[in-house]
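Let's take a walk through this protein together, from its overall outline down to a few single residues. Please have the viewer open as you read.

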Amino acid sequence: MKIVASTRLTRAQKAMDESRNYGQTSNQVFENAETKALDDKKTLIVVASSDKGLCGGIHSGLSKATRRLLQTHSNADIVVLGEKVKAQLSRVHPELITLSFANVCKDIPTFADAQAIADQIALLPTDYASVKVLYNSFVNAQSYEPTTIEAFSEEAITQSANISAFEIDDEALANLREYSLANNLYWAMAEGHACEISARRNAMENASKNAGEMINKFQILYNRQRQAAITGELVEIITGATASADM
């Protein structure tokens with residue numbers, strides 16, 4: 001499984017780099033426009049996870065980060081991608097989960113997958129001030145950390161300080177908002193997928209190492225017990241021979 005995960009990690013990192021370029025370029029528009037999230041409405045937290053286990057604490061780390069985020073955004077709803085984090089959050093905040101998706105990120109995510117999820121989020125009846133996409137950011141092959149990307153609402157984009165410099169038509173603002181949300185979801189899903197594959201490879205490597213140490217430990221114990229049995233038999237033979245000679 002370690003060899004298979006290593007092969008998949010190379011492909012996942014390539015997709016992650018491509019999605020990161022798209023996401024960062026898209027967000028530069030809002031950075032230059034000085035777009036800020038509004039505080040007068042609810043916040044939507046999208047947690048990008050998956051359905052698979054055997055990858056260490058990658059899912060529990062997202063659950064803890066979500067709970068920390070809810071402490072500062074108490075008036076928030078949750079959308080969960082993947083069954084693992086959904087099961088964990090359902091035990092503490094089941095009333096906040098408004099939408100969930102299964103069988104996502106089981107393979108390398110595509111922009112079409114992110115666009116389909118963004119379309120479903122756009123159909124939610126609540127008007128959210130901002131959408132925070134929470135995902136595992138790939139640091140290196142050994143570590144990752146929960147990170148948040150901001151996807152702004154159409155009203156927040158309209159009220160940006162420097163949005164007029166881009167000469168965007170009012171009719172295109174809704175499309176820009178949906179496109180940026182899909183871009184951020186694609187970025188989060190691809191990077192989270194790479195983190196999951198990397199964590200699974202490390203978990204399998206640690207499992208193999210622990211199994212090897214356990215085998216060596218029991219091999220030494222077996223050899224000691226076998227040697228003790230042989231020594232006991234030799235002592236009995238020598239004692240019996242000595243007793244026969246004395247008679």
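The paragraphs below go from the whole chain to its cores and then to some individual positions.

Keep in mind from the start that this is a predicted model. The protein chain contains 6 helices and 5 strands. If you follow the sequence from its beginning, these elements come in the order α-β-α-β-α-β-α-β-β-α-α.

What are the overall dimensions of the C-alpha trace along its principal axes? They come to about 115 × 35 × 25 Å for the protein chain. The radius of gyration fits into this picture: the protein chain has 28 Å, whereas a compact globule of 247 residues would have a value near 18 Å. A pair of residues makes a handy ruler here. Thr242 belongs to helix H6, and its C-alpha atom is separated by 96 Å from that of Leu38, with the two positions 204 residues apart along the chain. Thr242 counts as partly exposed, because its relative accessibility is 42%.

A few totals for the chain are useful too. Of the 247 residues, 40% count as buried. The exposed surface of the protein chain is about 13,800 Å², and carbon and sulfur atoms supply 52% of that area. Among contacts with a separation of 6 or more, 77% are made by residues 24 or more positions apart. As for charge, the chain carries 24 positive and 30 negative charges, and the mean positions of the two groups are 11 Å apart.

Now let's look inside. Which residues of the largest nonpolar core touch the most other members? In this core of 26 residues, they are Leu44, Val46, Val79, Leu81, Ile117, Ile121 and Leu185. At least two residues of this core come from each of strand E1 (43-48), strand E2 (76-81), helix H4 (111-122), strand E4 (130-140), strand E5 (143-152) and helix H6 (170-246). The largest share, 7 residues, is supplied by H6.

Leu44 is a good place to zoom in. Beyond its neighbours within four places in sequence, Leu44 is in contact with Asp77, Ile78, Val79, Thr98, Ile121, Leu124, Tyr128, Ser130, Val131 and Lys132. Apart from the largest core lies another, made of 14 residues, including Ile45, Leu69, Ala76 and Val85.

Helix H3 (residues 83-90) is our next stop, and Ala87 is one of its residues. Is Ala87 buried or partly exposed? Ala87 is partly exposed, because its relative accessible area is 41%. The C-alpha atom of Ala87 is separated by 10.0 Å from that of Asp51, a residue 36 positions away along the chain.

Glu83 is found in helix H3 as well. With a relative accessible area of 34%, Glu83 is partly exposed. Leaving aside neighbours within four places in sequence, Glu83 is in contact with Ser50, Asp51 and Ala102. From Glu83 to His59 the C-alpha distance is 9.9 Å, for a sequence separation of 24 residues.

Finally, there is a backbone detail to inspect. Most residues other than glycine have a negative phi. Asn103, however, has a positive phi of about 60 degrees although it is not a glycine. Where does Asn103 lie? Asn103 sits in the loop between strand E3 (97-101) and H4. Asn103 is exposed, because its relative accessible area is 56%.

Conventions: Residues numbered from 1 in each chain as written. Predicted model: local features only at pLDDT ≥ 70, side-chain atom pairs only at ≥ 80, totals over all residues. Heavy atoms only, no water. Core = buried A, V, L, I, M, F, W, Y, C linked by side-chain atoms within 4.5 Å. Buried < 20%, exposed > 50% of the residue type's maximum accessible area, 1.4 Å probe, protein only. Helix = DSSP H or I, 4+ residues; strand = E, 2+ residues; numbered from the N terminus. Contact = heavy atoms within 4.5 Å. Rg over C-alpha atoms; globule rule 2.2 N^0.38 Å. Areas by Shrake-Rupley, 256 points an atom, 1.4 Å probe, with all protein chains shown as cover. Lys, Arg positive; Asp, Glu negative; His and termini not counted. Charge placed at Lys NZ, Arg CZ, Asp CG, Glu CD.
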